[in-house]
Amino acid sequence: RGRVLGARPLFAMDDPAMGQAVEAAFPEEGITVMKQTEASAVTYCDRQFLLTTAQGELKVEQLLVAPGRPPNTASLNLGRAGVTFDSENRILIDQGMRTGASNMYAAGDCTDQPQYVYVAAAAGTRAGINMTGGDVKLDLDAMPAVVFTDPQVATVGYREAEAQRIGLQTESRTLTLDMKHCFWCNGESDRPTGGGAAGSDTGNLAGQGGKHQGVQRTPCVQM
C-alpha cells in the first residue's frame with residue numbers, strides 16, 4: 001500500500017485527462033493519491049517516517065522524495081554576460097543552443113529544453129558544432145516521451161495549449177482503445193499536431209506517432 005503526495009494534480013503539465021486516468025488506476029495497485037498535500041516536516045523514529053501535513057500526520061515505512069531537477073545557475077552571474085533566464089532560472093536558448101549572450105551556448109538540464117538525457121546529448125552535439133562555425137538546429141517538435149508508471153503515460157508533439165499559443169487551431173478528441181486512453185489534438189491541416197495516451201504499452205504508440213509526424217513534417221508535441 002502506498003500514498004502519493006503532491007501540491008498539484010498528477011501530470012499537471014500535460015493533458016489533465018492523462019493524470020485522471022492514472023489516478024483512477026492507482027487504487028487497483030493499492031495507491032492513494034493525496035492532491036494538494038505537502039509535507040511540512042519529516043522525522044524518523046522506530047524505523048518509521050513521520051510526515052506532518054495540513055491534513056494530519058502520516059506514518060510510513062519507506063519514503064521516496066521526487067524534488068525534480070532545478071538548474072543550478074543562480075550563482076554563476078551569467079546575466080552580466082547577457083544570458084537570459086525564464087522564471088525558473090533555466091537558461092533560454094534557441095534551436096541552435098545559442099543563449100542571449102553573443103558566442104555563448106548552453107545544453108542540458110540547465111536550459112529551458114525538456115529534461116531528457118537524449119535531448120541533452122543531442123543538444124550538446126549541436127552546441128559543439130555551432131560553436132565551431134557550424135549552423136545546425138535541434139527540432140523537438142515530434143519528440144516522444146514516456147513516464148513508466150502503470151499505466152504508462154506517453155506524449156508526442158505539441159500539447160494543445162502549446163499549439164494554441166503558437167497560433168495553431170486545434171480540435172481535441174478523446175478515444176478509448178483496448179484500455180488505452182488516447183487524447184489527440186488535430187491542427188487546421190487535419191494532420192496530428194500532438195497527443196498523449198495513458199495505458200499499457202503507450203510508449204510504443206508515442207514512438208510511432210513521433211515517426212509519423214516527423215515524416216509529415218507537421219508540428220508535433222513534447223511532453
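The legends below describe an overview and several close-up views of one predicted model.

The model is predicted, so local features need pLDDT of at least 70 and side-chain atom pairs count only at pLDDT 80 or more, while totals for chains, interfaces and linings use all residues. Residues are numbered from 1 along each chain as its sequence is written, and side-chain values use heavy atoms, with hydrogens and water left out.

**View 1. The whole protein chain, with four helices and 10 strands.**
Helices (H or I, at least four residues) and strands (E, at least two) are DSSP runs, numbered from the N terminus. Read from the N terminus, the order of elements is β-α-β-β-β-β-α-β-β-α-β-β-β-α. The protein chain has 223 residues, and 34% of them count as buried. Buried means under 20% relative accessible area, exposed means over 50%, and partly exposed lies in between (1.4 Å probe, protein chains only). About 13700 Å² of the protein chain is exposed, and carbon and sulfur atoms supply 50% of this area. Accessible areas come from the Shrake-Rupley method with a 1.4 Å probe; for residues, only the protein chains shown count as cover. Among contacts (heavy atoms within 4.5 Å) between residues at least 6 apart in sequence, 47% join residues at least 24 apart.

**View 2. The two sides of helix H1, residues 16-25.**
Met 18, Gly 19, Ala 21, Val 22 and Ala 25 are the buried residues of this helix. They lie on the same side of H1 because they cover an arc of only 160° around the axis. The arc is that of the directions from the helix axis to the C-beta atoms. Pro 16, Gln 20 and Ala 24 are exposed on the other side of H1.

**View 3. Met 13, in the loop between strand S1 (2-6) and H1.**
Met 13 has a relative accessible area of 52% and is therefore exposed. Leaving aside residues up to four places away in sequence, Met 13 touches Arg 8 and Arg 159. Met 13 and Arg 159 are 146 residues apart in sequence, and their C-alpha atoms are 9.1 Å apart in space.

**View 4. The salt bridge between Glu 23 and Lys 35.**
A salt bridge is a side-chain nitrogen of Lys or Arg within 4 Å of a carboxyl oxygen of Asp or Glu. The structure has five salt bridges by this rule. In the bridge between Glu 23 and Lys 35, the closest N and O atoms are 3.4 Å apart. This pair links distant parts of the chain: Glu 23 is in helix H1 and Lys 35 is in strand S2 (residues 31-35), 12 residues apart. Glu 23 is partly exposed at 24% relative accessible area, and Lys 35 is partly exposed at 41%.

**View 5. Salt bridges of Arg 98 and Arg 90.**
Arg 98 and Asp 135 meet through their side chains in a salt bridge of 3.2 Å, N to O. The pair links distant parts of the chain: Arg 98 is in the loop between S5 and H2, and Asp 135 is in the loop between H2 and strand S6 (145-147), 37 residues apart. Asp 94, Arg 98 and Asp 135 are linked in a network of salt bridges. Arg 98 is partly exposed, with 26% relative accessible area, whereas Asp 135 counts as exposed at 59%. Asp 86 forms a salt bridge with Arg 90, and their closest N and O atoms are 2.6 Å apart. Arg 90 is partly exposed, with a relative accessible area of 25%.

**View 6. The two aromatic pairs of the structure.**
Rings of Phe, Tyr and Trp (its six-membered ring) pair if their centres lie within 6.5 Å; planes under 30 degrees apart count as stacked, over 60 as edge-to-face and the rest as tilted. Tyr 44 and Phe 49 form a tilted pair because their ring planes are at 50°, with the centres 4.7 Å apart. Tyr 44 is exposed, with a relative accessible area of 51%, and Phe 49 is partly exposed, with 21%. Tyr 116 and Tyr 118 form a stacked pair, 5.4 Å centre to centre and with 10° between the planes. Tyr 116 is partly exposed at 21% relative accessible area, and Tyr 118 is partly exposed at 42%.

**View 7. A nonpolar surface patch made by Val 42, Leu 63 and Val 65.**
The patch covers about 250 Å². Patches are made of residues with over 30% relative accessible area and no salt bridge: like charges are joined within 9 Å, and nonpolar side chains (Val, Leu, Ile, Met, Phe, Trp, Tyr) within 5 Å. Val 65 is in the loop between strand S5 (56-60) and helix H2 (117-131). Val 65 counts as exposed, at 59% relative accessibility.
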